[in-house]
Amino acid sequence: MREPEQHAVRPPLIRELLLVVGLFLVYKLGRQLANGHTAEAFHNADHVWSFERAVHLPGEGAVQDVLLSSDTLVHAANVYYASVHFPATIALLVFLYLRRPRHYLWTRRVLAVLTAAALVLHLTFPLAPPRMLGAAHLVDTAQVYGPSVYAAKPSTDTMANQFAAMPSLHFGWALMVAIGLVAATRSRWRRLWLLHPLFTLLVIVGTANHYWLDTIVATLLLGAALAVIRLPRAIDTTGFWRHLFPVPAPASVPPITESSASTPTPWTPAAFRTPPDALTAADVLAAATPTHIPVEVIASPPPAPSLTTGAAR
């Protein structure tokens, strides 16, 4: 049986802010350390592209052709890629922290494990995205139609590692956002949140920022994280942080002692006293309306003369 959410204790806010910001800075630093492996990134891209064709995965160009059929559609896809990734994940964490503390802790742990595993792959397997691969014959839609979050030349990009295509955290985080909301809410429409990773999948492939294989690896890593990290039964904060940010304890019912539970209360006349506003028997008789019952008195007839008496005369 799942523990009610209202019984969970919310983690301290300052600690969570420091933890999330720290994890983000470590991730950004790790991505920067992966820069500079241009030759290896393109070599790995050739292998990924050849592998996808060998296993008959659909071409990324089929999705991009749909986007390029409309300037509005391709521009919307670029905006979605640039502006939804981080805000959607942050909004999920804020909502869960305020309304679903247990689910917040679970989601934060899963995202941390997924991001750490992705960072290891970014460092050990640099991969140029399909928009840079000549054999793919794809268009860099962000540079052509805008907006773009990357520099025109990867070597001059100081904000992001453009060779960190494998796995796709865009898709991995979007999938966890949907899973977290489906698990934490009870609305009959909650499964519509799965449209978010679906749209993200079409966007990252159609804009030539990721291969199909990037999303498959991200899904496998997320599945492994979900298999290891389970939803906690309760959340508790102890030590220094609890003293710094105390959480009021829930109201408790005084325990029933063994003596009071086993020994019956002795009978006393005071327990059966007449309430102060009750009427006594005398008050009831005095207040009763007198009732007169009519009585009819019938006089008895005179005695009949005796026969014996007349005969004697």
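These notebook entries record what I looked up in the predicted model.

**Entry 1. Confidence**

I began with the confidence of the prediction. The mean pLDDT of the protein is 79, and 67% of its residues reach 70 or more. I noted a stretch, residues 236-247, where the pLDDT is below 50; beyond near neighbours in sequence, this stretch has 15 contacts in the model. Residues 308-313 also have a pLDDT below 50, and for that stretch I found zero contacts beyond near neighbours in sequence.

**Entry 2. Overall make-up**

I then looked up the secondary structure. The protein has 14 helices and zero strands. Of its 313 residues, 35% are buried. I also checked how contacts are spread along the sequence: among those between residues at least 6 apart, 84% join residues at least 24 apart.

**Entry 3. The largest pocket**

Which residues lie nearest the centre of the largest pocket? I found Val20, Val21, Leu23, Phe24 and Leu93 there, out of 24 lining residues. The elements that give two or more residues to this lining are α1 (13-33), α5 (85-99) and α6 (101-124). Helix α1 provides the largest share, nine residues. The space in the largest pocket comes to about 630 Å³. By class, I recorded 20 nonpolar, two polar and two charged residues in the lining of this pocket.

**Entry 4. Enclosed cavities**

A search of the whole structure gave me two cavities of 30 Å³ or more. The largest cavity has a volume of about 70 Å³. It is lined by 14 residues, and the closest to its centre are Val84, His85, His170, His196 and Thr200. Helices α4, α5, α8 and α9 (195-206) each supply at least two residues of that lining. I sorted the lining of the largest cavity into nine nonpolar and five polar residues, with no charged residues.

The second largest cavity has a volume of about 50 Å³. Its lining includes Asn78, Tyr81, Ala82, Pro147, Tyr150 and Asn209. Helix α4 gives the most to this lining, with three residues. The lining of the second largest cavity has six nonpolar and four polar residues, and no charged residues.

**Entry 5. Aromatic pairs**

I counted four aromatic pairs and examined two of them. The ring centres of Phe86 and Trp173 are 5.6 Å apart and the ring planes lie at 80°, so I entered the pair as edge-to-face. Phe86 lies in helix α5 and Trp173 in helix α8 (residues 169-184), so the pair ties together parts that are 87 residues apart in sequence. Are the two partners buried or exposed? Phe86 is partly exposed, with a relative accessible area of 35%, whereas Trp173 counts as buried at 9%.

For Tyr97 and Tyr104, the ring centres are 5.3 Å apart and the planes are at 80°, so that pair is edge-to-face as well. Both Tyr97 and Tyr104 are buried.

**Entry 6. Leu73**

I looked up Leu73, which lies in helix α4 (residues 71-83). Leu73 is partly exposed, at 38% relative accessibility. Leaving aside neighbours within four places in sequence, Leu73 is in contact with Val66 and Leu67.

**Entry 7. Backbone geometry**

I next turned to the backbone. Most residues other than glycine have a negative phi, and most peptide bonds are trans. I therefore noted the exceptions to this general pattern.

Where are the cis peptide bonds? One joins Gly146 and Pro147, with omega of about -10°. Pro147 is in the loop between α7 (141-145) and α8, and it is one of the residues that line the second largest cavity. Another cis bond runs from Met166 to Pro167, with omega near -5°. Pro167 is likewise in the loop between α7 and α8.

Phi of His56 is near 65°, a positive value in a residue other than glycine. His56 lies in the loop between α2 (38-54) and α3 (60-68), and it is exposed, with a relative accessible area of 69%.

Phi of Ala208 is also near 65°. I located Ala208 in the loop between α9 and α10 (212-228). Is Ala208 buried or exposed? With a relative accessible area of 0%, Ala208 is buried.

Methods
Residues are numbered from 1 along each chain as its sequence is written. This is a predicted model: local features need pLDDT of at least 70, side-chain atom pairs count only at pLDDT 80 or more; totals for chains, interfaces and linings use all residues. Side-chain values use heavy atoms; hydrogens and water are left out. On a 1 Å grid over the protein atoms alone, a cavity is a set of points where a 1.4 Å probe fits but cannot get out, and a pocket is an open set with protein on both sides within 12 Å along at least five of seven lines; lining residues have an atom within 4 Å of a point. Grid points are joined across faces, edges and corners, and a volume is the space filled by probe spheres set on the points. Helices (H or I, at least four residues) and strands (E, at least two) are DSSP runs, numbered from the N terminus. Ala, Val, Leu, Ile, Met, Phe, Trp, Tyr, Cys and Pro count as nonpolar, Asp, Glu, Lys and Arg as charged, and the others, Gly among them, as polar. pLDDT is the predictor's confidence in each residue, from 0 to 100. Contact means heavy atoms within 4.5 Å. Rings of Phe, Tyr and Trp (its six-membered ring) pair if their centres lie within 6.5 Å; planes under 30 degrees apart count as stacked, over 60 as edge-to-face and the rest as tilted. Buried means under 20% relative accessible area, exposed over 50%, partly exposed in between (1.4 Å probe, protein chains only).
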